[in-house]
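Welcome! Take a moment to turn the model around on your screen, and then let us walk through it together.

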Amino acid sequence: MQEHPDTEFYLFLTSYSICAWADWIYSGELNIHIQTQRIAIEKILRCENVHLYSFYNDFDMVCNLDNYTDKKHYAEWANDDILNCMYQGNGRLTIDNYKDYLAEMEAFYTEFPYNELVH
């Protein structure tokens, strides 16, 4: 990206279903996943020609299992919604908002009642 300063890049972090988050909770890997995201976000945001989006905090989408074909792959209509949000500028991460985004995400996924998923 830095090799192509005249190109604008639009990237997004895919949103895994709440079932994937449950796996990370039960395996003890939740913190690793969140810290990996933090590191990646901070590195990407250093590039001025990158527009970074994430929808991990679109909790309605993540918690609606009808939006997913399995734990980590969302359906094509969810992809359409993501692209529409990006087009409208929603879900964009910046130097000014990424820490709040990470804090909100961590609080939600740490406190979610995962035992309610098993019914």
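Is Phe112 buried or exposed? Phe112 is buried, with a relative accessible area of 18%, and the cut-off for that word is under 20%. Keep in mind as you look that this is a predicted model.

**The neighbourhood of Phe112**

You will find Phe112 in the segment that follows helix H5 (98-111). Setting aside the neighbours within four places in sequence, Phe112 is in contact with Ile18, Cys63 and Leu117. Try locating Ile25 as well: Phe112 and Ile25 are 87 residues apart along the chain, yet 9.8 Å separates their C-alpha atoms.

**The overall layout**

Now zoom out to see the whole protein chain. It holds 5 helices and 3 strands. Starting at the N terminus, the elements follow the order β-α-α-β-α-α-β-α. The radius of gyration is 15 Å, close to the 14 Å that the globule rule gives for 119 residues, so the protein chain is as compact as a globular protein of that length. Measuring along the principal axes, the C-alpha trace spans about 50 × 30 × 20 Å.

How many of the contacts between residues at least 6 apart in sequence join residues at least 24 apart? The share is 78% in the protein chain. The pair Phe112 and Ile18 is one contact you have already met.

**Inside and outside**

Of the 119 residues, 35% count as buried. The protein chain exposes about 7500 Å², and carbon and sulfur atoms supply 50% of that area.

His33 is a good residue to visit next, and its place is in helix H2. With a relative accessibility of 16%, His33 counts as buried. Which residues is His33 in contact with, leaving aside its neighbours within four places in sequence? They are Tyr16, Trp21, Trp24 and Tyr56. For one of these, Trp21, the C-alpha atom is separated from that of His33 by 9.3 Å, and the two residues are 12 apart along the chain.

**Charges and salt bridges**

Let us turn to the charged side chains. The protein chain has 7 positive and 20 negative charges, and the mean positions of the two groups are 10 Å apart. The count of salt bridges comes to 2.

One salt bridge joins the side chains of Lys71 and Asp23, with 2.8 Å from N to O. Lys71 sits in the loop between helix H3 (59-63) and helix H4 (76-88), while Asp23 belongs to helix H1 (residues 18-27), so this pair ties together parts that are 48 residues apart in sequence.

Another salt bridge joins the side chains of Arg38 and Glu42, with 3.0 Å from N to O. Here both partners lie in helix H2 (residues 30-45), 4 residues apart, which puts about one helical turn between Arg38 and Glu42.

How open are these four side chains to the outside? The table lists each residue in turn.

| Residue | Relative accessible area and class |
|---|---|
| Lys71 | 39%, partly exposed |
| Asp23 | 34%, partly exposed |
| Arg38 | 28%, partly exposed |
| Glu42 | 25%, partly exposed |

**Looking back**

Helix H2 is a nice place to end the tour. Helix H2 holds the buried residue His33, and helix H2 also carries the salt bridge between Arg38 and Glu42. Go back to the structure and find these three residues for yourself.

Notes: Residues are numbered from 1 along each chain as its sequence is written. This is a predicted model: local features need pLDDT of at least 70, side-chain atom pairs count only at pLDDT 80 or more; totals for chains, interfaces and linings use all residues. Side-chain values use heavy atoms; hydrogens and water are left out. Helices (H or I, at least four residues) and strands (E, at least two) are DSSP runs, numbered from the N terminus. The radius of gyration is taken over C-alpha atoms; the globule rule is 2.2 Å times the number of residues to the power 0.38. Buried means under 20% relative accessible area, exposed over 50%, partly exposed in between (1.4 Å probe, protein chains only). Contact means heavy atoms within 4.5 Å. Accessible areas come from the Shrake-Rupley method with a 1.4 Å probe; for residues, only the protein chains shown count as cover. Lys and Arg count as positive and Asp and Glu as negative; His and the chain ends are not counted. The place of a charge is taken as NZ of Lys, CZ of Arg, CG of Asp or CD of Glu. A salt bridge is a side-chain nitrogen of Lys or Arg within 4 Å of a carboxyl oxygen of Asp or Glu.
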